[in-house]
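Hello,

Here is the structure I promised to pass on. My notes on helix packing and one pocket follow below it.

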Amino acid sequence: MPNKAEQSNFREDEHIVENKNLSITEALIPVFALVAMLAYNVFVFGDDALSGSNQFILLMGGAVAAIVGFFNKVSYQQMIDEVAENVKSTTGALLILLMVGALSGTWLVSGIIPAMIYYGLQILNPTIFLAACVVICAIISVATGSSWTTAATVGIALIGIGDALDISLGMTAGAVLSGAYFGDKMSPLSDTTNLAPAMAGGDLFSHIRYMAYTTIPTIAVTLIVFIILGFTIDTSGEADTSSILTNIGATFNINAWLFIVPLVVIGLIVKKAPPLLALLIGTLLAGVFALIFQPEIIAAIGGGTELTFETAYKGILNAITVDTEIATSDPALNDLFSSGGMSGMLGTIWLIVCAMVFGGIMDGIGALERITESLLKMAKTTFGLFASTVGSCLALNVTASDQYLAIVVPGKMFAKAYKDRGLAPENLSRSLEDSGTVTSVLVPWNTCGAYHSGVLGVGVAEYGIYAVFNWLSPFMTLLFAALHIKIKQLTTSTSE
């Protein structure tokens, strides 16, 4: 049987409504309508689709599902009750998201994130430049939880350095994105890393631990590929990061003591402390370190020139709750040294709530039961179920053009199918990230592909083959499924 921590991830009364009168065609109408509306919406709004229009489209998809339900004599109250249950089930995930925002704010103002960047940039060497790009971007992306921020800041700098060394821009961009998306997947600060277990019905840190089984071998293969490439290409010039390092050192008090905070949080995670507790301790401890090591920054954020009780209080609370920007003489670093705090997570929370509305109505009319029933008939084996999940994520990245929706829609649709197979939710959340999160950057018209191509100045077709981590990840999760490696069962308490 699952242990108490695992049991807490499931609603005791969780059920999928059955509706014998609903056909598979009717059940799929809201899905096709949603995908079509999302595809057009992303086409019109581009990157801004995540600012709210995609969330409203999810509600419109729910409206289509409700119409289908009314035609099949499903009551309005039944649909609303299922929506309420769905939203209730995400309470823990929503609170964790808010705490993740708080953590990112204090880790920035305390100098923890800048210290990671500062020390990371110093490992550059022309011979192992590409592998170093992977490592640097991985470190920064784990620290920030954002592949977009990593690519738009240090990624641009590395592209410039690679160009100066006469290294293919496609290779450099592929290395940058491989590292950035490794960090995006594995960081508890990442919105997709929070979104996947929320959709699958799992726990954030269990998801990260379980995802490591496929992610570590994938990044290891990626590093080997780039090390080999590094020894087969000719480089010239010199990798100069002195300007960036000088600016970081002039803005923050950088020292190794700052790493105590992330080490404490990692220790709590390893000891399986409750996620909210680990994040809260990490936030408060970073706040204390900010007062000790970055008093001038805290005073400025608090609206003063000197550190007093009032400016300290306001500075820490501002870093935790609202947008915080720390100015340097380097515009690229200014973009990196910014955090949205708890308020910066509201967009993702909004997305989750709207997704739960769509999923709740789909559940209420019996569509999820009908779809999962059909999926289980097609997926005769455990591997077939994993393959169906991967295929659905890839299809949505291509059609809906958004990585969040490639996680949300399959996550909600497949959750019951995995449970019926006796598979723990970590299997689904891992598959969602291995196929939904990382492959979005390989689609030119996907918001991620369009963004990174524009920011780095390198076409998707040019960097695609070198984004080894991104295209290898889905194959790795399928390999584990085919060989039945680390496929966690609901009825197993200790082994995975």
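α9 passes α11 in a left-handed crossing. This is a predicted model. Helix α9 covers residues 169-186 and helix α11 covers residues 204-232. Their axes lie 10 Å apart, at an angle of about 165 degrees. Angles over 145 degrees count as roughly antiparallel, so α9 is roughly antiparallel to α11.

The contact can be read off residue by residue. On the α9 side are Met171, Gly174, Ala175, Ser178, Phe182, Lys185 and Met186. They meet Ile208, Met211, Ala212, Thr215, Ile216, Ile219, Thr222, Phe226 and Leu229 in α11. By class, that contact holds 11 nonpolar, 4 polar and 1 charged residues.

α9 also packs with helix α22, residues 425-437. Here the angle is about 150 degrees and the axes are 11 Å apart. These two helices are therefore roughly antiparallel as well. The crossing of α9 with α22 is right-handed. Tyr181, Asp184 and Lys185 come from α9, and they meet Glu433, Asp434 and Thr437 of α22. The classes here are 1 nonpolar, 1 polar and 4 charged. Note Lys185: it appears in the contact with α11 and in the contact with α22.

α22 has a further partner in helix α25, residues 468-482. Their axes are 7 Å apart, and the angle is about 145 degrees. This crossing is left-handed. From α22, the contact takes Arg430, Ser431, Asp434 and Ser435. From α25, it takes Ser473, Pro474, Thr477 and Phe480. The residues divide into 2 nonpolar, 4 polar and 2 charged. Asp434 is worth finding on screen: it meets α9 and also α25.

Now the pocket. The second largest pocket holds about 940 Å³ of space. It is lined by 32 residues, and those closest to its centre are Gly145, Ser146, Thr149, Asp191 and Gly344. Several elements give two or more residues to the lining: α5 (91-109), α8 (147-164), α17 (331-336), β2 (338-339), α18 (346-364) and α21 (403-420). Which of them gives the most? That is α8, with 5 residues. The lining as a whole divides into 11 nonpolar, 17 polar and 4 charged residues.

If you open just one view, start with α9. Its contact with α11 has 11 nonpolar residues, whereas its contact with α22 has 4 charged ones.

Best wishes

Technical notes. Residues are numbered from 1 along each chain as its sequence is written. This is a predicted model: local features need pLDDT of at least 70, side-chain atom pairs count only at pLDDT 80 or more; totals for chains, interfaces and linings use all residues. Side-chain values use heavy atoms; hydrogens and water are left out. On a 1 Å grid over the protein atoms alone, a cavity is a set of points where a 1.4 Å probe fits but cannot get out, and a pocket is an open set with protein on both sides within 12 Å along at least five of seven lines; lining residues have an atom within 4 Å of a point. Grid points are joined across faces, edges and corners, and a volume is the space filled by probe spheres set on the points. Helices (H or I, at least four residues) and strands (E, at least two) are DSSP runs, numbered from the N terminus. Ala, Val, Leu, Ile, Met, Phe, Trp, Tyr, Cys and Pro count as nonpolar, Asp, Glu, Lys and Arg as charged, and the others, Gly among them, as polar. Axes are lines fitted to C-alpha atoms, for helices over the stretch in contact, and angles run from 0 to 180 degrees between N-to-C directions. Angles under 35 degrees count as roughly parallel, over 145 as roughly antiparallel, 65 to 115 as roughly perpendicular and the rest as oblique. A crossing is left-handed if the near helix is turned anticlockwise from the far one by less than a right angle, and right-handed if clockwise. Contact means heavy atoms within 4.5 Å.
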